[in-house]
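Morning, everyone. I will talk about how some helices pack here, and then about one surface patch.

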Amino acid sequence: MKQFFLAFLPRPSPISIAEKLRSGLAGGIAIALLAFTLHQLPQHSYPLLMLGSMAASAVLLFAAPHSPFSQPWNLIGGHLFSATAGWLCSLLISDPVIAAGVAVGTAIFLMYVLNCLHPPGAATALTLVLSGAQFHPMGWQWVAEIVLANALISLLLALLINNFLPGRTYPLLALPVSPPKTEPVIIAETADIEWALAQMDTTIDVNLEDLTAIYELAQQHAQNRFNSKTA
């Protein structure tokens with residue numbers, strides 16, 4: 001019971017104040033540049049709007065750029081497929097309460113299936129449902145245009161800003177697989193994992209307890225697999 005209540009308390013972060021400040025400044029600058037760029041683009045019959053869900057994307061892109069949720073395909077696909085779900089639900093379901101639930105649920109499902117899970121995408125789906133009366137007269141082409149414009153400009157800003165800041169590489173590159181080497185087996189402990197997190201000086205989208213649990217489960221799975229082969 002004590003551990004249950006302790007889980008509600010804030011947990012210390014190994015990220016330095018300098019890195020937190022850089023994340024805040026980067027996110028704020030990116031949103032300002034996004035708004036400025038959208039205003040400068042050709043507006044056609046209707047203005048290009050900045051989606052509120054882009055603020056949530058900015059948190060991931062500039063405070064957790066190495067998170068799987070922050071990668072380019074997650075950003076673009078997450079917003080685009082979620083917008084599709086929201087647009088269709090706003091057209092086909094008259095009750096906004098039901099439409100909102102179906103849109104968000106469908107958006108999560110599509111992002112999972114298409115490997116582009118991006119939490120702010122669900123906010124895009126919800127926006128299209130709640131503002132359906134405003135968006136319907138403008139047509140799906142305009143909706144697709146503003147969603148793509150918001151996501152693509154945000155991606156460009158993430159590429160420029162994150163790779164300019166020290167200690168960051170965006171997008172997260174897949175490391176080449178090297179041949180395994182025969183070395184003594186050393187089991188990392190919780191203190192080792194905590195130390196490694198502190199050295200990275202960037203936000204990892206998993207806490208220490210979850211990471212330790214994942215490591216222990218992987219060790220147990222490997223041991224069980226070894227036992228089954230030698231049995």
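Helix 4, residues 72-92, packs on helix 5 at an angle of about 150°, with the axes 8 Å apart. This is a predicted model, where local features need pLDDT of at least 70 and side-chain atom pairs 80 or more, while totals for chains, interfaces and linings use all residues. Residues are numbered from 1 along each chain as its sequence is written, and side-chain values use heavy atoms, without hydrogens and water.

Helices are DSSP runs of H or I, at least four residues, numbered from the N terminus. Axes are lines fitted to C-alpha atoms over the stretch in contact, and angles run from 0 to 180 degrees between N-to-C directions. Helix 4 and helix 5 are therefore roughly antiparallel, a label for angles over 145 degrees.

Who touches whom? Contact means heavy atoms within 4.5 Å. On the helix 4 side, Gly 78, Phe 81, Ser 82, Ala 85, Gly 86 and Cys 89 meet helix 5 residues including Ala 99, Ala 103 and Met 111.

Helix 5 also packs on helix 6, residues 120-130: their axes come within 9 Å and cross at roughly 150°. Helix 5 and helix 6 are therefore roughly antiparallel too. Ala 99, Ala 103 and Met 111 are among the helix 5 residues that meet helix 6, where the partners include Gly 121 and Val 129.

Now the surface. Which helix gives the most to the nonpolar patch? Helix 5, residues 96-113, with four residues. One patch residue, Val 113, lies in helix 5.

Definitions and conventions:
Patch = residues over 30% accessible without salt bridge, like charges linked within 9 Å, V, L, I, M, F, W, Y side chains within 5 Å. Areas by Shrake-Rupley, 256 points an atom, 1.4 Å probe, with all protein chains shown as cover. Salt bridge = Lys/Arg side-chain N within 4 Å of Asp/Glu carboxyl O. Helix = DSSP H or I, 4+ residues; strand = E, 2+ residues; numbered from the N terminus. Parallel < 35°, antiparallel > 145°, perpendicular 65-115°, else oblique.
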